[in-house]
Amino acid sequence: MRRDRYTTPAIVLHWLIAAAILFQMQLPWRFHDLKTPEAFALIQLHKSVGITILVLSLARLGWRIANPPPPEPATLAVWELWLSRVVHWGLYALMIGMPITGWIMVSTSKTGIPTVLWGLIPWPHVPGLAELPAAGKALWNGAAHETHETLGWGFYILIGLHVAGALKHQLFSRDEPVLHRMAPGALAGRWLEPRLLLIALGVAVAIGGAWLIHPRPPASAPLPPPPAQIAEPAAAPAAPATTPAPAADAPEAPIEASKWTVSKGSAIGFSSSWGGQALEGRFDQWTADIVFSPDALDRSHVKVIIDLASVATGDPQRDAALPGADFFDVATHPKAIFTADRFEAAGGDRYVARGKLSLRGVTKPVRLPFTLKIDGDKARMSGVTTLDRTAFGVGQGEWQATDQIPAQVKVSVQLTATR
Ligand code: HEM
Ligand code: HEM
């Protein structure tokens with residue numbers, strides 16, 4: 001018996017891919033040019049749906065090559081035959097070209113956010129592209145973005161022609177069972193064809209769903225405790241390791257400040273917000289070189305070196321973006337360095353450190369008030385200060401604006417140390 005319809009796998013894939021594409025095409029209208037946590041989550045969703053479309057479309061194409069479609073109804077005009085073929089192959093080109101240009105775009109983006117399909121399956125960047133120097137990446141990224149956008153408009157045109165063709169044969173021709181080929185049983189010429197109504201419902205659900213869905217924004221949950229070993233002991237001793245007792249016969253001998261080794265459980269963190277949602281972060285790799293005594297403030301000094309790539313905010317995709325050029329730019333400035341050698345007593349166990357912070361190539365004075373409790377050879381220090389991220393260039397381009405991420409970032413230091 002000669003087939004007069006597509007095979008079942010072809011039909012299932014057709015409707016699945018069609019629904020996914022109609023859904024997918026709505027998302028950019030929602031995330032376009034926005035820097036909110038929701039837009040971020042919608043882009044991650046757009047990437048997952050897009051790569052899924054790529055995989056399904058390649059499967060569909062492979063199946064089609066192995067299982068050619070049934071011959072078209074003999075009554076079709078030659079122009080209709082050719083137009084439908086051009087549109088079908090154009091649609092295949094877009095079903096594969098759109099995801100590939102999107103994939104190139106995210107693989108060459110400055111932020112380097114990884115793609116994790118459906119939040120579960122890591123998907124690599126296009127091999128070779130993510131490793132290019134910045135200028136090469138920018139070139140590819142620009143071209144891929146232009147193409148992705150142009151092909152997107154092409155999709156609107158081809159889907160319009162495709163659906164118009166299907167509807168023409170379904171609604172205005174009695175003897176051309178075209179819809180039947182993709183929706184078996186559809187009776188040509190029947191306006192209230194149940195299969196057509198079902199398709200219309202599916203289209204409405206796919207499009208409406210894309211406007212109603214609210215994917216989970218990046219986590220703002222508390223971070224797990226810092227890794228056991230955060231700080232290595234300072235490399236070179238900057239001062240004698242112990243405080244020598246002043247000799248009785250030499251009262252003018254200066255008191256030396258003690259050298260401290262930071263213990264585990266110490267943390268350097270920051271808090272900010274994104275789109276009104278609180279955001280807590282931490283650096284997991286840093287070293288601190290501390291020489292300090294309350295009774296030798298003039299000989300006390302501190303140097304903290306933070307490995308900015310170790311930033312953790314509880315969302316792997318956001319954490320992958322923060323070291324990028326738009327934020328910390330670790331490729332050029334891998335470390336932030338805080339040095340202080342002026343300390344003031346502020347009464348009781350309160351002190352103020354005055355020093356400078358070098359971050360992202362900018363050095364600015366920083367004042368860090370802190371409390372310090374010394375108990376024998378153990379000390380507990382806790383300090384909080386506020387920095388203006390924009391003064392250091394953390395947040396470039398559209399991230400410079402402070403409507404989504406405020407300029408002021410609270411930085412907190414909690415240390416325990418032993419002498
Ligand atoms: C929106 C995304 C859509 C895409 C990307 C798409 C893609 C395609 C492609 C590539 C084919 C050719 C299959 C082949 O020959 O291997 C096809 C066939 C077909 N599509 Fe779609 N389609 C979409 C939506 C629709 C809708 C909404 C309808 C119905 C209103 C529809 C009805 C049909 C029909 C009837 C055929 C069979 C045409 C024939 O060979 O006579 N499609 N579609
Ligand atoms: C069939 C699949 C896809 C369709 C129909 C599609 C469609 C679109 C459309 C229409 C836009 C708006 C273009 C603009 O005005 O800038 C867009 C933007 C975007 N797409 Fe896709 N896309 C697909 C797959 C992908 C994939 C697989 C990825 C990444 C893995 C991706 C990543 C992006 C990104 C990052 C943007 C935002 C560009 C920007 O404005 O910054 N897309 N997509």
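Which pocket does ligand 1 sit in? In this predicted model, ligand 1 occupies the second largest pocket.

Start with the surroundings of ligand 1. Its shell holds 19 residues, and Y6, H14, R64, H162 and R181 come nearest. Five helices each supply at least two residues of this shell: α1 (8–31), α2 (37–66), α3 (78–107), α4 (134–172) and α5 (179–182). Helix α1 gives the most, with five residues. By type, the shell divides into 13 nonpolar, three polar and three charged residues.

Polar contacts come next. The side chain of Y6 has an N or O atom 2.6 Å from an oxygen atom of ligand 1. For R181, a side-chain N or O atom is likewise 2.6 Å from an oxygen atom of ligand 1. H14 pairs with a nitrogen atom of the ligand instead, and here the separation from the side-chain N or O atom is 2.8 Å.

Now turn to ligand 2. There are 20 residues around ligand 2, of which Q24, H46, M98, H145 and H148 come nearest. Helices α1, α2, α3 and α4 each supply at least two residues of the shell. The largest share, six residues, comes from α3. Eleven of the shell residues are nonpolar, seven are polar and two are charged.

Histidine side chains make polar contacts with ligand 2. H46 places an N or O atom 2.8 Å from a nitrogen atom of the ligand. H148 does so at 2.7 Å, again to a nitrogen atom of ligand 2. H145 contacts an oxygen atom of ligand 2, at 3.2 Å.

Salt bridges are the last topic. The whole structure contains twelve. In one of them, the side chains of K168 and E80 meet at 2.7 Å, N to O. This pair links distant parts of the chain: K168 belongs to helix α4 and E80 to helix α3, 88 residues apart. K168 counts as partly exposed because its relative accessibility is 33%, between the 20% and 50% cut-offs. E80 has a relative accessibility of 11%, so E80 counts as buried.

R354 and E344 also form a salt bridge, with their closest N and O atoms 2.7 Å apart. R354 lies in strand β10 (residues 350–359) and E344 in strand β9 (residues 335–345), so the bridge ties together parts ten residues apart in sequence. R354 is partly exposed, at 27% relative accessible area. E344 is partly exposed too, at 32%.

D284 and R282 form another bridge, again with 2.7 Å between the closest N and O atoms. Both of these residues, D284 and R282, are buried. Finally, R190, E193 and R195 are joined in a network of salt bridges.

How values were computed: Residues numbered from 1 in each chain as written. Chains lettered and ligands numbered in written order. Predicted model: local features only at pLDDT ≥ 70, side-chain atom pairs only at ≥ 80, totals over all residues. Heavy atoms only, no water. Near = heavy atom within 4 Å. Polar contact = N/O pair within 3.5 Å; in protein donor to acceptor, adjacent residues only side chain to side chain. 1 Å grid on protein atoms, 1.4 Å probe; cavity = no way out; pocket = protein on both sides within 12 Å on 5 of 7 lines; lining within 4 Å. Sits in = over half its atoms within 2 Å of the grid points. Helix = DSSP H or I, 4+ residues; strand = E, 2+ residues; numbered from the N terminus. Nonpolar A, V, L, I, M, F, W, Y, C, P; charged D, E, K, R; others polar. Salt bridge = Lys/Arg side-chain N within 4 Å of Asp/Glu carboxyl O. Buried < 20%, exposed > 50% of the residue type's maximum accessible area, 1.4 Å probe, protein only.
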